[in-house]
Amino acid sequence: MSYYLALLSRQDKPIYELKFGSSRQGGDGQPHFDKAMDDLTPFVVHAALDVVDDVQWTTPAMYLKTVDNFYSYMISAFVTAGNIRFMLVHETKNEESIRQFFLDVYDLYVKTLMSPFYRVTDKIQSPAFDTKVRALARKYL
Amino acid sequence: MIYSFWMYDRHCECIYSRDWHRSAAHEDKEDLQKLIYGSVFSLRNITRKLSDDDAFLSFQTSKYKLHFFESPSNLKLVLITDPMMSDACNALRQIYAGLYVEYVVKNPLSPIEHPRGTGVDNDLFNMGLDSFVRSLQGFA
Amino acid sequence: MSKVRSVGEEVWKHKTDKINSELLTLTYGSIVAQLVADFDHDYAKVNKQLDKMGYNIGLRLIEELLAKTGLPRCQNFRDTAEAVAKVGFKMFMNITPTISNWSVDSKQFSLVFTENPLAEFVELPDKPNARDLWYSNIYAGVIRGALEMVQLQVEAEFVSDAVQDPSLPTEIRVRLVKVLEDEIPPGED
C-alpha cells in the first residue's frame with residue numbers, strides 16, 4: 001500500500017512532499033506506486049485542490065475526509081486555518097487513522113511555523129520535521 | 001520638617017534634587033550638592049572600614065539631620081530634614097524601589113546612565129516623589 | 001544558600017507580573033530573525049548586537065531585582081552565581097540554571113540550562129555557518145550588564161547551545177574580570 005503526502009502553500013506550491021508505504025500487515029514502509037502513477041501523484045493532488053476549495057466552506061472541520069478519487073486512488077485533505085492544504089493520496093479507506101495522522105502532522109507543522117527562521121511560504125527543509133513525519137506515517141498508516 | 005532630597009548615581013553624579021522647605025541660605029546649589037556628596041561618601045567609607053560592608057543610616061547636628069540609603073547598585077539617596085525627624089531610611093528605600101525603579105528604570109525611554117548633566121526628568125517620578133514625601137510624618 | 005532559592009521563588013510567586021511564554025518566545029525570535037536578516041547572516045555581528053541589547057536590559061533588570069528582593073550585596077563570587085541562577089533567572093524567566101564547573105580560583109563558573117524559554121521551537125537557518133549564531137546571546141549581555149551595576153566586571157559567553165546540537169547542554173561561561181572600585185567624585189583625592 002502506497003501513500004503520497006503533500007503540504008501545499010496558499011499559492012498551491014508544495015512546501016513538503018513525501019512518498020511512503022504502509023508499515024502495517026507486513027508492509028515494508030516503502031512506496032510501491034506503479035510507474036505511471038508515481039509521476040502523476042503531484043498532478044492528482046493538484047486536481048483535487050479545486051474540490052478542496054469548494055468543500056472547505058461546507059464544514060467547520062479542518063479534516064475534509066476523502067475529497068476526490070483517481071482510478072483506485074483516494075485523495076484526503078486537511079486544511080489549516082492559514083489555508084495550508086495537507087493532501088494525502090491513498091488506496092484504502094481509513095478515515096480515523098488518516099484523521100489522526102493529519103492532526104499530528106498539523107502539530108508538527110505548527111511547531112515548524114513557530115521557528116523564527118521559517119517563513120510561511122518556505123519549503124520545509126528541517127530534517128527533524130521529516131523524521132517525525134516518517135515516524136507518524138509508521139505509527140498510523 | 002523635610003528640607004530636601006538628593007539622588008546620586010554610581011558615577012558620583014547628582015541625578016536629581018528637590019527642595020521643599022528652604023532651610024538656610026544656600027545659594028550655590030551646585031556647591032551644596034558636591035558637599036553633600038563628599039560628606040556622605042566619606043562617612044560611608046568610614047562606616048565600611050569600621051565594620052565590614054555596613055552603611056550609615058543618618059547623622060545629625062543641632063539644626064539638621066541627613067538620612068542616607070544606598071542600593072547595592074551604588075545609587076545613593078539622601079534626605080535632609082530637621083533633627084526631630086525619625087529615621088527615614090525606610091522611606092528612602094521605598095522611594096528607590098517604588099518610584100525610581102518603577103518610573104525611571106522601567107521606563108525604556110528614560111536613560112539609565114546620566115552622563116554629564118542629564119538627570120532624571122520624569123513627570124511620574126516627580127509627582128510620585130512629591131506626594132510621597134508630603135505624606136511622610138513630620139513633613140511640614 | 002537555600003535562602004537565596006526561596007527569595008527567588010517568593011518573588012516569582014508573589015511579586016512578578018507574568019506574560020504568556022509563547023509571546024516572549026515569538027517576540028524574541030522575530031528580533032533575532034530580523035537581526036539575522038539585517039546583518040545578512042553575519043552571525044558574529046548578530047551575536048554582538050544581542051549581547052549589546054542584553055547589556056542595556058541588564059543595567060535595568062538588576063535594579064528591579066534589588067528593589068523587589070532587597071538582597072544585600074554579595075560577599076563573594078559564589079554568592080553572586082547563586083543570586084544570578086536562583087533569583088535572577090528564576091524571577092525573570094522562571095528557570096533555574098545549574099551552576100557548575102567552578103574554576104579553582106572561584107572566578108569562573110558555568111550556568112547550564114536544561115530548559116530555555118527563548119529557544120523553544122527554534123530551528124537554525126539552513127546555512128553552513130549557522131552554527132556561529134548564539135541564538136540566546138542576549139542572556140550573556142544581561143548577565144554582564146546586571147553584574148556591572150553591582151561593581152562586578154564580568155565576561156559572559158556561550159560555550160555550547162542545545163539549539164545548535166541537541167546532544168550538547170546549553171551552557172554560559174561567566175568569568176569575573178575584576179571587582180570595580182567605587183568611583184570617586186572628581187576633584188576629591
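Modeller: A term to start with: the radius of gyration is taken here over C-alpha atoms, and the globule rule is 2.2 Å times the number of residues to the power 0.38. The model is predicted.

Colleague: OK. What does that rule give for chain C, and what does the chain have?

Modeller: For 189 residues the rule puts a compact globule near 16 Å, and chain C has 17 Å, so the two agree.

Colleague: How far does the C-alpha trace of chain C span along its principal axes?

Modeller: The spans are about 55 × 40 × 35 Å.

Colleague: How many helices and strands are in chain C?

Modeller: Chain C has five helices and four strands. Starting at the N terminus, the order is α-α-α-α-β-β-α-β-β.

Colleague: What percentage of chain C counts as buried?

Modeller: Of its 189 residues, 39% are buried.

Colleague: And the contacts in chain C, how many link residues 24 or more positions apart?

Modeller: Taking contacts with a separation of 6 or more, 63% join residues 24 or more positions apart.

Colleague: Changing topic: how many residues do chain B and chain C each bring to their contact?

Modeller: Chain B brings 17 residues and chain C brings 17 residues.

Colleague: Which elements of chain B give two or more residues to the side touching chain C?

Modeller: Those are helix H1 (29-50) and helix H2 (89-105) of chain B. The largest share of that side is from H2(B), with four residues.

Colleague: What classes of residue are on that side of chain B?

Modeller: On the side of chain B that touches chain C there are nine nonpolar, five polar and three charged residues.

Methods:
Residues numbered from 1 in each chain as written. Chains lettered and ligands numbered in written order. Predicted model: local features only at pLDDT ≥ 70, side-chain atom pairs only at ≥ 80, totals over all residues. Buried ≥ 20, exposed ≤ 12 C-beta atoms within 10 Å, placed from the backbone. Contact = placed C-beta atoms within 7 Å. Nonpolar A, V, L, I, M, F, W, Y, C, P; charged D, E, K, R; others polar.
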